[in-house]
Amino acid sequence: MRLEDAAQAWRDDGFAVLPGYLSAEDLAPAVDELELCFPSADGFHSGSDPRRDRFVSDEFDGIDTFPFASLQLSLLAVHPKILDLAASLLGEDQRLYSAEAWAKYTGATEYDQWLHRDYLIHTMLVPSDATAFRQLELFVYLVDVPDDLGPPHLVSTRHTADLPVLPNWYPRSDVEATGDRFVASTGRPDLYEAEVSAAGPAGTVVAFTPDTVHRGTALTRPGGARYSMHLSYRTAVAEWAQRKGWPDRSHDAAWYRFVDEATPRQLAVLGFPPPGHPFWTPATLSAVALRYPGLDLGPWREPLEPHR
């Protein structure tokens with residue numbers, strides 16, 4: 001799918017599936033380091049990996065947050081192709097506000113979800129249709145994710161445009177009313193009939209919005225494992241759309257490794273002022289050089305150097 005077509009589908013349906021958008025060569029450095037973060041399928045299912053017990057209580061226990069133990073996985077979150085896709089949907093001035101790597105294993109826990117929207121944990125307000133305030137979520141498949149390895153299912157906004165902000169979770173069939181205003185007590189089998197599987201090969205990217213109705217599905221393949229990333233971008237001005245504050249992670253050893261290898265464009269989406277920004281002065285450059293001795297500050301110094 002061309003970026004232009006993806007952007008149109010994203011606007012029309014609330015999501016776009018880009019099969020194999022990242023190549024095997026794009027993925028290889030990160031995939032080669034996956035075991036720094038997660039057990040292999042064999043290590044989990046045989047019980048030989050001592051990290052196994054971490055993944056068996058809750059579906060979200062398999063999430064690691066940026067920056068990752070794997071430098072290459074961190075760099076993949078801001079891969080040039082990912083930034084190109086985000087720019088085509090949001091514009092050039094964008095911010096990465098959340099990045100997670102996620103491992104799931106058949107039988108570890110219950111991964112089958114009700115249809116829902118993500119906005120309640122992606123903004124302190126509500127989603128906006130204004131171009132200037134859009135948010136983008138991305139699922140990035142690090143391995144093949146066929147239907148038996150739990151691909152997400154999504155419902156086009158053509159079917160959900162009239163849904164109110166609340167409730168947010170829609171069971172397939174009627175459930176006992178609990179007084180929770182966020183959960184519908186009346187089942188919506190029609191939405192499940194309209195859902196589309198986003199199964200795809202390794203490198204597939206699923207672009208959607210925090211108000212797109214979707215759900216996770218169960219892994220059924222015996223001995224199966226699924227590895228993916230969940231990335232969230234927003235326009236720079238949408239400051240109410242947050243999940244993580246990167247300064248809170250910016251003294252991790254993994255952060256310093258990432259900064260040393262990242263480009264100015266990759267750092268900018270995390271909030272580093274770009275070259276030419278007023279923040280950069282001889283004093284701040286000198287201080288940043290002390291904090292990040294492995295970072296080549298040449299691109300930031302160049303706008304300050306007098307032309308000869």
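A charge counts as sitting over a ring if NZ of Lys or CZ of Arg is within 6 Å of the ring centre and within 35 degrees of the ring normal. In this predicted model, R134 does just that: its charged end sits over the ring of W10, 4.7 Å from the ring's centre. Below is a quick tour of the charges over rings, the aromatic pairs, the nonpolar cores and one helix.

**Charges over rings**
- Besides R134 over W10, there's K104, whose charged end sits over the ring of W102, 4.4 Å from the centre of that ring.

**Aromatic pairs**
- Searching the whole structure turns up 18 aromatic pairs.
- One of them is F66 with F68: the ring centres are 5.8 Å apart and the planes stand at 90°, so this pair is edge-to-face.
- Both partners are tucked away: F66 is buried at 0% relative accessible area, and F68 counts as buried at 2%.
- F133 and W240 also pair up, with ring centres 5.2 Å apart and planes at 65°, so they're edge-to-face as well.
- That pair ties together distant parts of the chain, 107 residues apart. F133 sits in the loop between β4 (115-116) and β5 (135-141), while W240 is in the loop between β11 (225-235) and α8 (253-261).
- Are F133 and W240 buried or partly exposed? F133 is partly exposed, at 31% relative accessibility, and W240 is partly exposed too, at 25%.
- Elsewhere, F38, F44, F55, Y105 and Y227 make up one aromatic cluster.

**Nonpolar cores**
- As a rule, nonpolar side chains in soluble globular proteins tend to be buried together.
- Here the largest nonpolar core has 74 residues, and the members touching the most others are L138, L231, Y233 and F258.
- Which helix gives the most to this core? That's α5 (residues 80-90), with six residues.
- A separate core of nine residues lies apart from it, including L115, L163, A184 and L191.

**Helix α10**
- Helix α10 spans residues 282-291, and its buried residues are T284, L285 and V288.
- Why do these line one face of the helix? Looking down the axis of α10, the buried residues fall within an arc of 100°, so they share a face.
- The general background is that an α-helix has 3.6 residues a turn, so residues three or four places apart point the same way.
- On the face of α10 turned away from the buried side, you'll find the exposed residues P282, A283 and L290.
- The cover over the buried residues of α10 includes α11 (298-301).

Methods: Residues are numbered from 1 along each chain as its sequence is written. This is a predicted model: local features need pLDDT of at least 70, side-chain atom pairs count only at pLDDT 80 or more; totals for chains, interfaces and linings use all residues. Side-chain values use heavy atoms; hydrogens and water are left out. Buried means under 20% relative accessible area, exposed over 50%, partly exposed in between (1.4 Å probe, protein chains only). Helices (H or I, at least four residues) and strands (E, at least two) are DSSP runs, numbered from the N terminus. The arc is that of the directions from the helix axis to the C-beta atoms. Contact means heavy atoms within 4.5 Å. A nonpolar core is a set of buried Ala, Val, Leu, Ile, Met, Phe, Trp, Tyr and Cys residues joined through side-chain atoms within 4.5 Å. Rings of Phe, Tyr and Trp (its six-membered ring) pair if their centres lie within 6.5 Å; planes under 30 degrees apart count as stacked, over 60 as edge-to-face and the rest as tilted.
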